[in-house]
Amino acid sequence: MFSTGFGSFFWNFDSILWLVIGLVILGMAVAAFLFAATAREDAYRAADKQTKKFWLIILGINLVLNLVLPGMLFLLVIGLVAAIVFMVDVRPALRQVSGGGGRRGGSSSDGPYGPYNGGR
């Protein structure tokens, strides 16, 4: 029953690799769904993106498919594309209109007590 040797190493490596890929896809689905759920409804309209309800349905179906049918690679890839589109396109636009963008505070030349003018 227990085979030792070179072939079993690759079978184990292959199954571990697919497990890691599946966990990464599941993690992306969870993260995208949580970000979509926590964003304000009006931010979607202000960013000129699909509605919050649309993204919650798409990403929710993706999450359920990841949990219920982890072996359906074709459906998982479609869901992964939807999650990537949300994370790369929609989420930055939502953050920009919500005021949660990039840096916290002023320009890059600001110091702890205000702007640094170079001794002028």
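# Exercises on a predicted helical model

Asp42 is located in helix α2. The model examined in these exercises is predicted.

**Exercise 1. Determine whether Asp42 is buried, partly exposed or exposed, and state how far its C-alpha atom is from that of Lys52.**

Solution. Begin with accessibility. The relative accessibility of Asp42 is 35%. Buried means under 20% and exposed means over 50%, so Asp42 counts as partly exposed. Turn next to the distance. Asp42 and Lys52 are separated by 10 residues in sequence, and their C-alpha atoms are 8.7 Å apart in space. Lys52 is itself one of the buried residues of α3.

**Exercise 2. Describe the secondary structure of the chain and the order of its elements.**

Solution. First, count the elements: the chain has 4 helices and 2 strands. Second, read them along the sequence, which gives the pattern α-α-α-α-β-β. Third, consider the chain as a whole. It has 120 residues, of which 21% count as buried. Among contacts with a separation of 6 or more, 62% are between residues 24 or more positions apart.

**Exercise 3. Identify which residues of the largest nonpolar core touch the most other members, and which elements give two or more residues to this core.**

Solution. The core contains 14 residues; those touching the most other members are Ala32, Tyr44, Trp55, Leu59, Phe86, Val90 and Leu94. Two or more residues come from each of α1 (6-38), α2 (41-46), α3 (52-68) and α4 (73-98). The largest share, 6 residues, is supplied by α4. As a general background, nonpolar side chains in soluble globular proteins tend to be buried together.

Now take Leu59, one of the core residues named above. With neighbours within four places in sequence set aside, Leu59 is in contact with Ala32, Phe33, Ala36, Ala82, Ala83 and Phe86. Of these partners, Ala32 and Phe86 also appear among the core residues that touch the most other members.

**Exercise 4. Compare the expected span of α3 with the separation of its end C-alpha atoms, and establish where its buried residues lie around the axis.**

Solution. The first step concerns length. At 1.5 Å a residue, the 17 residues of α3 should span 24 Å; the end C-alpha atoms are 24 Å apart, so the two values agree.

The second step concerns burial. In α3 the buried residues are Lys52, Trp55, Leu59, Gly60, Asn62, Leu63 and Asn66. Because they cover an arc of only 160 degrees around the axis, they lie on the same side of α3. On the face turned away from this buried side are the exposed residues Lys53 and Val68.

The third step examines Asn62, which has its place in helix α3. Its relative accessible area is 4%, so Asn62 is buried. Beyond neighbours within four places in sequence, Asn62 is in contact with Ala29, Gly79, Leu80 and Ala83.

**Exercise 5. Characterise two residues of helix α4, Met87 and Gln96, by their partners in space.**

Solution. Start with Met87, which lies in helix α4. Met87 and Met28 are 59 residues apart along the chain, with their C-alpha atoms separated by 8.8 Å. Apart from residues up to four places away in sequence, Met87 touches Met28, Ala31, Ala32, Phe35 and Pro92.

Continue with Gln96, also found in helix α4. Gln96 has 65% relative accessibility and therefore counts as exposed. Gln96 and Ala47 are 49 residues apart in sequence, and the distance from C-alpha to C-alpha is 8.1 Å.

**Exercise 6. State what is notable about phi of Asp48 and whether this residue is buried or exposed.**

Solution. Locate the residue: Asp48 lies in the loop between α2 and α3. Its phi is near 60 degrees, a positive value in a residue other than glycine. The relative accessible area of Asp48 is 70%, so the residue is exposed.

**Exercise 7. Give the volume of the largest pocket and find which element supplies the largest share of its lining.**

Solution. The largest pocket holds about 220 Å³ of space. Its lining consists of Trp18, Leu19, Ile21, Gly22, Leu23, Ile25, Leu26, Asn66, Pro70, Gly71, Leu73 and Leu76. At least two lining residues come from each of α1 and α4, and α1 provides the largest share, 7 residues. Asn66, which is part of this lining, is also among the buried residues of α3.

Definitions and conventions:
Residues numbered from 1 in each chain as written. Predicted model: local features only at pLDDT ≥ 70, side-chain atom pairs only at ≥ 80, totals over all residues. Heavy atoms only, no water. Core = buried A, V, L, I, M, F, W, Y, C linked by side-chain atoms within 4.5 Å. Buried < 20%, exposed > 50% of the residue type's maximum accessible area, 1.4 Å probe, protein only. Contact = heavy atoms within 4.5 Å. Expected span 1.5 Å × (residues − 1). Arc of directions from axis to C-beta. 1 Å grid on protein atoms, 1.4 Å probe; cavity = no way out; pocket = protein on both sides within 12 Å on 5 of 7 lines; lining within 4 Å. Points joined across faces, edges and corners; volume = space filled by probe spheres on them.
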